[in-house]
Amino acid sequence: MTSTVKTWTVANRRELWDWARFHAAPVTITEETWDHITYQAEAICGARRYLCSYREQMPPCVALKRRANTFTVALFHEPAGAYCYHVREVIPETAGEGDDPAHLAALVAAANIQRERRAVCGATAENLVVLTTERTYPGDCAEQMEAR
């Protein structure tokens, strides 16, 4: 018996949450970029999978701030005599004045890698070493953000 997938997109996040609650399905983020976030819920009934998604487009001022705070973080660890490298693009949520967004990006990247890869290669936030943390879009800076 082969499983089939039925997919659709809803108009707003409220509809997605209502659908997910009705089907007792968790809502997860399946894609995140500086200008949008895609949420998805999955339910399985018999041999059929149901996927319901919603793409939230960011308002321009929020999108520009997220773009300016998008970092590419490269990390590595040595699981068994060889190096294992991981690269993630992250958009850290800044907690307030004085927080270093690059440091927050490295913490978020390490946590994501641990969640995604620990069972595969043993990556943990404790054994990952940051190689580089760079702004993905280096042309964006605070002065430009204020001028927009």
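# Reading strands, helices and confidence in a predicted model

Analyst: His77 stands opposite Cys84 in E6, and we can start from that pair, keeping in mind throughout that this is a predicted model.

User: How many bridges pair strand E5 with E6, and in which sense, parallel or antiparallel?

Analyst: Strand E5, residues 71-77, and strand E6 pair in the antiparallel sense, over seven bridges. The hairpin that E5 and E6 form has six residues between the strands, and Gly81 takes a positive phi near 85° there.

User: Which residues of strand E6 make up its covered face, and which its uncovered face?

Analyst: The general idea is that in a regular strand the side chains alternate between the two faces of the sheet. In strand E6, residues 84-90, the covered face consists of Cys84, His86, Arg88 and Val90, whereas Tyr85, Val87 and Glu89 form the uncovered one.

User: In what order do the four strands of the open sheet lie, and what is the pairing?

Analyst: The order in that sheet is E1-E4-E3-E2, and the pairing is mixed. Strand E1 (4-9) and strand E2 (27-32) are its edge strands, each of which pairs on one side only, and the twist from one strand to the next averages 25°. Within the sheet, strand E3, residues 36-45, runs antiparallel to strand E4, residues 48-57, and 10 bridges join them; Thr38 stands opposite Arg55 in E4.

User: Which strands does helix H1 lie across?

Analyst: Helix H1, residues 13-22, lies across E1, E2, E3 and E4, and runs at about 20° to E3.

User: Which residues of H3 are buried, and against which strands do they pack?

Analyst: An α-helix has 3.6 residues a turn, so residues three or four places apart point the same way. In H3 the buried residues are Pro101, Ala105, Ala106, Ala109, Ala110, Ile113 and Cys121, and the buried residues of this helix pack against E5, E6 and E7.

User: Where does H3 bend, and what is found at its start and just after it?

Analyst: The bend, of about 50°, is at Arg115. At the start of H3, a side-chain oxygen of Asp100 comes to within 3.2 Å of the backbone nitrogen of Ala102, while just after the helix Gly122 takes a positive phi of about 85°.

User: Does Thr124 count as buried or exposed?

Analyst: Thr124 counts as buried, because its relative accessibility is 10%, and the cut-off for that class is under 20%. Thr124 is found in the loop between helix H3 (101-121) and strand E7 (129-135), where, leaving aside its neighbours within four places in sequence, it is in contact with Gln114 and Arg118.

User: Which element of the protein chain has the lowest mean pLDDT, and which the highest?

Analyst: Among the elements, helix H4, residues 142-147, has the lowest mean pLDDT, 44, and E5 the highest, 97. Over residues 143-148 the pLDDT stays under 50, and for this stretch the model has six contacts beyond four places in sequence. For the protein chain the mean is 88, with 89% of the residues reaching 70 or more.

User: How many helices and strands does the protein chain have, and what share of its residues is buried?

Analyst: The protein chain has four helices and seven strands, which run from the N terminus on as β-α-β-β-β-α-β-β-α-β-α. Of its 148 residues, 33% are buried, and among contacts between residues at least 6 apart in sequence, 52% join residues at least 24 apart.

Methods: Residues are numbered from 1 along each chain as its sequence is written. This is a predicted model: local features need pLDDT of at least 70, side-chain atom pairs count only at pLDDT 80 or more; totals for chains, interfaces and linings use all residues. Side-chain values use heavy atoms; hydrogens and water are left out. Two strands pair if DSSP finds at least two bridges between them. Helices (H or I, at least four residues) and strands (E, at least two) are DSSP runs, numbered from the N terminus. Axes are lines fitted to C-alpha atoms, for helices over the stretch in contact, and angles run from 0 to 180 degrees between N-to-C directions. Contact means heavy atoms within 4.5 Å. Buried means under 20% relative accessible area, exposed over 50%, partly exposed in between (1.4 Å probe, protein chains only). The bend at a residue is the angle between axes fitted to the seven residues ending there and the seven starting there. A polar contact is a pair of N or O atoms within 3.5 Å; within protein, one must be able to donate a hydrogen and the other to accept it, and residues adjacent in sequence count only if both atoms are side-chain atoms. pLDDT is the predictor's confidence in each residue, from 0 to 100.
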